[in-house]
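Me: I would like to go through this structure with you, one region at a time. Could we start with whatever catches the eye and move on from there?

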Amino acid sequence: MDDPLLIAPCNALVNHTKPQPFELSFYTSSCQSCKKLYLYPSFCLMHSNRKIVHIDMDAFFASVEQLDDPTLRGKPLIVGGSPDSRGVVAACSYEARKFGIHSAMSAAKAARLCPHAIFTRPRMSRYREVSAQIMEIFHEYTDLIEPLSVDEAFLDLTVNTFCEPSASILANKIRRDIFSRTGLTASAGVSCNKFLAKVATDINKPNGITVIPPHLVLDFLGRLPIGKFYGVGSATEKKMERIGVKNGSDLRRFTREELVFHFGKSGKFFFDICRGEDPRPVESSSVRKSIGSETTLSEDILEMEIIHQILEQQADSVAHSLARRNFGGYTLTLKVRYHDFTTITRSATMKSPLFSSEDIMLCLPRLLAATEAGQRKVRLLGITVSTLFTKNTTPIQLRLPFTMEYTDNW
Ligand SMILES: [Mg+2]
């Protein structure tokens, strides 16, 4: 790596300060780690005024492997299944991408494309550890964070702890923090909504930033090849080409009704996004809807004693995850897959919430009794707790600068 923080030029840094009238109301966001409830002025959610940053780590799994083992640096590295099995590529280094290898490709094909590539198995616990470090950095800027996966998240930085109005300055500061504390590079997309921020990130990847200020949105989308639109896969891309759509400006010639006719429900989405409209808020609360644990057994089992032991371990692991996130849940689901692959689930919603493994184990027998475990061989067991809520999110803290004026400084 020559210059770890090479920043692609932002082709537009504008500063036309315009006071925006807004009605002052607040919404709340609870921080999972510090258990405090924060209040945000409502203008954070008004989409035309927002400063949204999308951060995506570069070739995350492969980069972590190259970081931990210097002998792998600069080499085509594939993280995933073995090439002699039916495994797939989970991630690959940029050196491997030069050979046309990409994630989700079969490991066997990857080995054919690049016979000297190095294959390694994923180490999820290590990736989660680094991911937690990155999330910690995000939380120093805002609590309005929506993780999309272990290495990707949206941040609403309209209001932030540094009182910094420029989202591009913040995005670069975040990238610098990530690099200095983890040794890994990230790319960023900066714009006024989630769709644009996400599309922007890919433009100067790896280790780059792209800023799309509001006044350039229509021009940018007009020239954007249709395949680069988020939500347009290769099948949709072909269909778009058939009706003469090669980029955003072609797409804008169609009415909403015409697009619904061609693409069903997605037509409405396409109509909005080619105009840069995406009002979806960054949702920190949608992080988790359920917490579960699942085990595929090395051999099919009939003995209830072993089944109980496995369920107990799973209950422990689920209770641990609940406690770590300060969650409780009301619904318990048991999943059983029999030896012939038929899968059933049994659920119950409790009057009082489940927190501990004892709570879970107390409710399990009745679900287990509604299955044929013990009579038919079982190959997979899983338990999930859902209908989650966060425990005691008081006290209320006002920590954000309410006097901050909105400025159109990107
Ligand atoms: Mg990534």
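**A helix across a sheet**

Reply: Helix α13 (residues 357-369) lies across β12, β13 and β14 (378-390), and its direction makes about 140° with that of β13. Please keep in mind that this is a predicted model.

Me: Understood. In what order do the strands of the open sheet with β12, β13 and β14 come?

Reply: The order is β11-β14-β12-β13, an open sheet of four strands with antiparallel pairing. At the edges stand β11 (290-301) and β13 (343-354); each has a single partner strand, so one side of each is left without a neighbour in the sheet. Neighbouring strands are turned by 15° against each other on average, direction ignored.

Me: How many bridges are there between β12 and β13?

Reply: Eight bridges connect β13 with strand β12 (residues 327-338), and the two strands pair in the antiparallel sense. One pair to look for is Thr-333 with its bridge partner Ser-347 in β13.

Me: Let us change topic. Where does UniProt place the feature "active site"?

Reply: The UniProt record, an unreviewed entry, places that feature at Glu-152. Glu-152 belongs to strand β8.

Me: Is Glu-152 buried, partly exposed or exposed?

Reply: Glu-152 counts as partly exposed, because it has 19 C-beta neighbours inside 10 Å and a residue needs 20 or more to be buried. Leaving aside neighbours within four places in sequence, Glu-152 is in contact with Ile-55 and Asp-56.

Me: And the strand around it? How many of the five residues of β8 are buried?

Reply: Four of the five residues of β8 (residues 152-156) are buried, so the strand is largely enclosed by the rest of the structure.

Me: Which strands pair with β8?

Reply: Strand β3 (residues 52-57) pairs with β8 in the antiparallel sense over five bridges, and Ile-52 stands opposite Asp-156. Strand β7 (residues 145-149) also runs antiparallel to β8, with four bridges between them. Within that pairing, Glu-146 has Phe-154 as its bridge partner.

Me: How many residues does the hairpin from β7 to β8 pass through?

Reply: The hairpin joins β7 to β8 through two residues.

Me: Next, the nonpolar interior. Which residues have the most contacts inside the largest nonpolar core?

Reply: They are Val-53, Ile-78, Ala-91, Cys-92, Leu-155 and Val-190, in a core of 65 residues. In soluble globular proteins, nonpolar side chains tend to be buried together.

Me: What does Val-53 contact, leaving aside its neighbours within four places in sequence?

Reply: Val-53 is in contact with Leu-155, Leu-157, Ala-167, Leu-170, Ala-171, Ala-188, Val-190 and Ala-197. There is also a second, separate core of 19 residues, which includes Val-336, Ala-373, Leu-381 and Val-385.

Me: You listed Ile-78 and Cys-92 as well. In which strand is the bridge partner of Ile-78?

Reply: The partner is Cys-92, in β5. Strand β4 (residues 77-80) and β5 pair in the antiparallel sense over three bridges. Helix α1 (residues 60-68) packs on the sheet there, touching β4, β5 and β6, and its direction makes about 115° with that of β4.

Me: What is the strand order in that open sheet of three strands?

Reply: The order is β5-β4-β6, with mixed pairing. The edge strands are β5 (89-92) and β6 (118-120), each of which pairs on one side only. From one strand to the next, the twist averages 30°.

Me: One last region: the loops on either side of β10. Where does Gly-208 lie, and is it buried or exposed?

Reply: Gly-208 lies in the loop between α6 (194-203) and β10 (209-211). Gly-208 is buried, because 22 other C-beta atoms lie within 10 Å. Its C-alpha atom is separated by 7.4 Å from that of Ala-186, which is 22 residues apart along the chain.

Me: And Ile-212: where is it found, and what does it touch?

Reply: Ile-212 is found in the loop between β10 and α7 (217-223). Not counting residues up to four places away in sequence, Ile-212 touches Ser-191, Leu-196, Ala-200, Val-217 and Phe-220. With 25 C-beta neighbours inside 10 Å, Ile-212 counts as buried. The C-alpha atoms of Ile-212 and Ser-168 are separated by 9.7 Å, while the two residues are 44 residues apart along the chain.

Conventions: Residues numbered from 1 in each chain as written. Predicted model: local features only at pLDDT ≥ 70, side-chain atom pairs only at ≥ 80, totals over all residues. Buried ≥ 20, exposed ≤ 12 C-beta atoms within 10 Å, placed from the backbone. Pairing = 2+ DSSP bridges. Axes fitted to C-alpha atoms, helices over the stretch in contact; angles between N-to-C directions. Contact = placed C-beta atoms within 7 Å. Core = buried A, V, L, I, M, F, W, Y, C linked by C-beta atoms within 7 Å. UniProt positions renumbered as here; feature names shortened; annotations may be inferred.
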